[in-house]
Every structure is written in C-alpha cells, then in structure tokens.
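Reader: Before we discuss particular assignments, please set out the reasoning behind each label. I should like to see the value placed beside its criterion.

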Amino acid sequence: MSPTTGTATDETTARGSESSAAPGPALSTAASAESAGSAPPGLGLVPSDARRAPSSRARIRRAVRRLPYLLLNGATKSAAIVALLLLWETAPRLGLVDRTFLPPFSEVARAWWGLAVGGQLADNARASLTRSFSGFGLAVAVAVPLGLLIGWYRPVADLLGPLLEVFRNTAALALLPVFVLLLGIGETSKISIVVYACTWPILLNTISAVRNVDPTLLKLAKSMDLSAPRLFQKVILPASVPVMFTGIRLAGAVSILVLVAAEMIGAKAGLGYLINASQYNFAIPQMYAGIITISSIGVIFNQFLVAMERRLSSWRVPVGG
C-alpha cells in the first residue's frame with residue numbers, strides 16, 4: 001500500500017468517526033430536556049397530561065382498596081344505633097313495653113316527617129338554635145379571654161377565685177326563676193341562662209389548660225427572649241387548644257340541654273316548647289320526634305366542634321404517628 005493511499009484512508013476513517021460522534025450533543029440535550037420536564041418538540045416524549053393520568057388512576061385504586069375498610073368502619077360505628085332502633089321498633093310491637101307511652105320507631109318517624117312537612121319542626125328548631133347559639137357564642141367570647149387571664153396572671157386569679165367558687169357550684173336551672181324575675185320571660189332570660197350555663201365548662205377548662213402548659217416549652221420560649229404577647233401567641237394558645245376545646249364541646253351540649261329545660265317553663269316556640277306541648281296534648285309520637293331532633297342537633301354540633309378542634313390543633317403529632 002502506498003503512503004498516499006494510507007493517508008486518504010486515514011482521513012476517511014477520521015471523517016466517519018466525526019460524523020458518527022456528531023449526534024452526541026443533540027442526544028444529551030434531549031436527555032437533559034426530558035429530565036427537566038421541558039422536552040423540545042419532535043422528540044416523541046410523553047406529555048404531562050399522560051404522566052398525570054397514572055397518578056389519578058393510582059388514587060382511584062387506593063380509594064377502591066380503602067372502600068371495604070371504610071364500609072366496615074362505618075358499620076361498626078353505626079351498629080349500636082341500628083340495634084337500638086331495632087329494639088325500639090320491636091319492643092312495643094311484641095308487648096314488652098306499652099306502645100301508648102313508647103310507640104314504635106316507625107310511628108315516631110312518620111310523626112317527625114309530618115312535623116317537618118307542616119313547618120312546625122323548622123320553626124321551633126330555628127327558635128331554639130337562635131337562642132342556643134347566641135348564648136353559646138357570648139359564653140365563648142367572655143369565658144375564653146377571662147380564663148386566659150385567670151390562668152396566667154396570679155393577681156387576677158386571687159381576686160376572682162373566691163367569687164368563681166361560689167357560682168360554679170350553683171346549678172344553672174336553680175337560678176332560672178331568678179333570671180325570669182329579673183329579665184322577664186322573653187328572649188333575654190333564655191339567652192342569659194344559656195350564657196351562664198356555658199360559661200363554666202369553658203372557663204374552668206381554659207384555666208386548667210393555661211396552668212398545665214408544659215414548663216419545658218415555657219423555659220425554651222423565655223430563653224429566646226419572647227415578649228409576653230408573642231409568648232401567648234406562639235406557646236400558650238397552641239398548647240391550650242386541646243383542653244380548651246374540651247370545655248367548649250361540653251358547653252355546646254349544655255347550651256342545648258339547658259335551653260330545652262328553659263323553654264319548657266316559659267316559651268311559645270322552640271323544641272322544648274314542642275316537647276312540652278306534645279306531652280300535655282298526649283301526642284306522644286310528636287314528643288319523641290322533638291327529642292330525636294334535639295339529639296341530632298347535638299351530635300351535628302359536636303362533630304362541627306371536633307372538626308374545628310382538629311383544624312386549630314393540626315400541629316400536634318398523633319399518638320403512635
């Protein structure tokens with residue numbers, strides 16, 4: 001082979017190697033663009049909508065897998081209520097109790113539907129809820145700040161402590177005649193008795209919550225030179241929310257129970273009035289319909305307060321989590 005031929009062959013081989021290595025930068029660019037999620041057009045990559053589709057299908061599959069657990073959980077929680085309703089339905093029909101005084105649940109349900117269609121149930125429930133929620137809201141607005149002050153500032157506790165001990169042991173219904181004499185039989189006396197009854201669970205639980213804040217948290221906060229307002233905002237209030245809401249939930253139940261008792265004495269509208277009037281007129285199914293309505297309102301209100309507590313105390317780590 002001549003030197004000239006060898007040189008030409010070497011040049012041809014070099015050009016071929018250069019042409020075969022030329023696509024390297026383009027492929028690396030495509031790979032980097034694909035990894036960054038912004039591929040250039042024409043490279044045939046999977047669009048973002050198609051990538052999101054598997055994740056939505058995975059969520060659907062997880063929901064389907066959780067469905068038996070949710071159904072079992074719901075059945076477990078409702079089993080006791082279903083058993084009570086079955087017992088309520090069968091006991092009067094079998095003669096175990098006098099159906100004159102305890103009619104079957106189906107008759108009570110028909111009476112409830114009749115009251116609902118006629119508008120009597122809605123009118124009485126609206127009157128009771130207005131009074132109950134007004135008194136409950138005023139009690140929260142008064143008892144929470146007062147409980148924070150008494151729990152945190154010792155002079156305020158020493159000043160108001162003896163007075164609180166006197167009134168906390170006086171039942172709200174025992175003071176109902178006093179409220180009626182001073183404020184009349186109108187709306188003011190009913191809302192005032194609800195405020196009085198709801199104040200004590202909220203106040204006492206708020207005081208206990210503030211006084212039982214973890215001392216380690218307080219020491220850490222003081223070591224960071226937090227001011228008093230910041231200490232309340234960042235440490236005292238978050239740590240007091242769980243115990244405070246225990247009192248608020250108790251007050252929510254008390255607001256309905258005390259109001260119903262007050263409406264039975266002097267009222268022209270409300271669920272308590274409906275129950276009392278049905279008893280006097282011997283409309284026993286309507287009486288039980290009013291009682292069921294009060295229980296349902298209490299359960300719904302309690303679940304609302306539980307959801308609010310979870311939202312305000314979402315910072316807590318669940319036990320075992």
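Author: A residue is called exposed if its relative accessible area is over 50%, buried if it is under 20%, and partly exposed in between. The model discussed here is a predicted one.

Reader: Why is leucine 181 called exposed?

Author: The relative accessible area of leucine 181 is 75%. The criterion for exposed is over 50%, so leucine 181 counts as exposed. Leucine 181 belongs to helix α7, which spans residues 176-183.

Reader: Which nonpolar residues form a patch on the surface?

Author: The nonpolar patch consists of Val178, Leu181, Leu182 and Leu183, whose accessible area together is about 430 Å². Membership requires over 30% relative accessible area; leucine 181, at 75%, therefore satisfies that requirement.

Reader: What makes arginine 62 partly exposed?

Author: Its relative accessible area is 44%. That value lies between the limits of 20% and 50%, so arginine 62 is partly exposed. Arginine 62 is located in helix α3, and it gathers with Arg57, Arg59, Arg61 and Arg65 in a surface patch of positive charge.

Reader: Why is the pair of tryptophan 88 and tyrosine 288 called edge-to-face?

Author: The ring centres are 5.8 Å apart and the planes make an angle of 65°. Centres must lie within 6.5 Å for a pair, and planes over 60 degrees apart count as edge-to-face; the pair therefore meets both conditions. Tryptophan 88 lies in helix α3 (residues 48-93) and tyrosine 288 in helix α12 (residues 284-312), so this contact ties together parts that are 200 residues apart in sequence. Both residues, tryptophan 88 and tyrosine 288, are buried, and together with Phe105 they form one aromatic cluster.

Reader: What makes the pair of phenylalanine 133 and phenylalanine 301 tilted?

Author: Here the centre-to-centre distance is 5.0 Å and the angle between the planes is 45°. An angle under 30 degrees would be stacked and one over 60 edge-to-face; 45° fits neither, so the pair is tilted. Phenylalanine 133 is in helix α5 (residues 120-152) and phenylalanine 301 in helix α12, so the pair ties together parts that are 168 residues apart in sequence.

Reader: How do you know whether phenylalanine 301 is buried or exposed?

Author: Phenylalanine 301 has 10% relative accessibility; the limit for buried is under 20%, so phenylalanine 301 is buried. Phenylalanine 133, at 38%, counts as partly exposed.

Technical notes:
Residues are numbered from 1 along each chain as its sequence is written. This is a predicted model: local features need pLDDT of at least 70, side-chain atom pairs count only at pLDDT 80 or more; totals for chains, interfaces and linings use all residues. Side-chain values use heavy atoms; hydrogens and water are left out. Rings of Phe, Tyr and Trp (its six-membered ring) pair if their centres lie within 6.5 Å; planes under 30 degrees apart count as stacked, over 60 as edge-to-face and the rest as tilted. Helices (H or I, at least four residues) and strands (E, at least two) are DSSP runs, numbered from the N terminus. Buried means under 20% relative accessible area, exposed over 50%, partly exposed in between (1.4 Å probe, protein chains only). Patches are made of residues with over 30% relative accessible area and no salt bridge: like charges are joined within 9 Å, nonpolar side chains (Val, Leu, Ile, Met, Phe, Trp, Tyr) within 5 Å. Accessible areas come from the Shrake-Rupley method with a 1.4 Å probe; for residues, only the protein chains shown count as cover. A salt bridge is a side-chain nitrogen of Lys or Arg within 4 Å of a carboxyl oxygen of Asp or Glu. Lys and Arg count as positive and Asp and Glu as negative; His and the chain ends are not counted. The place of a charge is taken as NZ of Lys, CZ of Arg, CG of Asp or CD of Glu.
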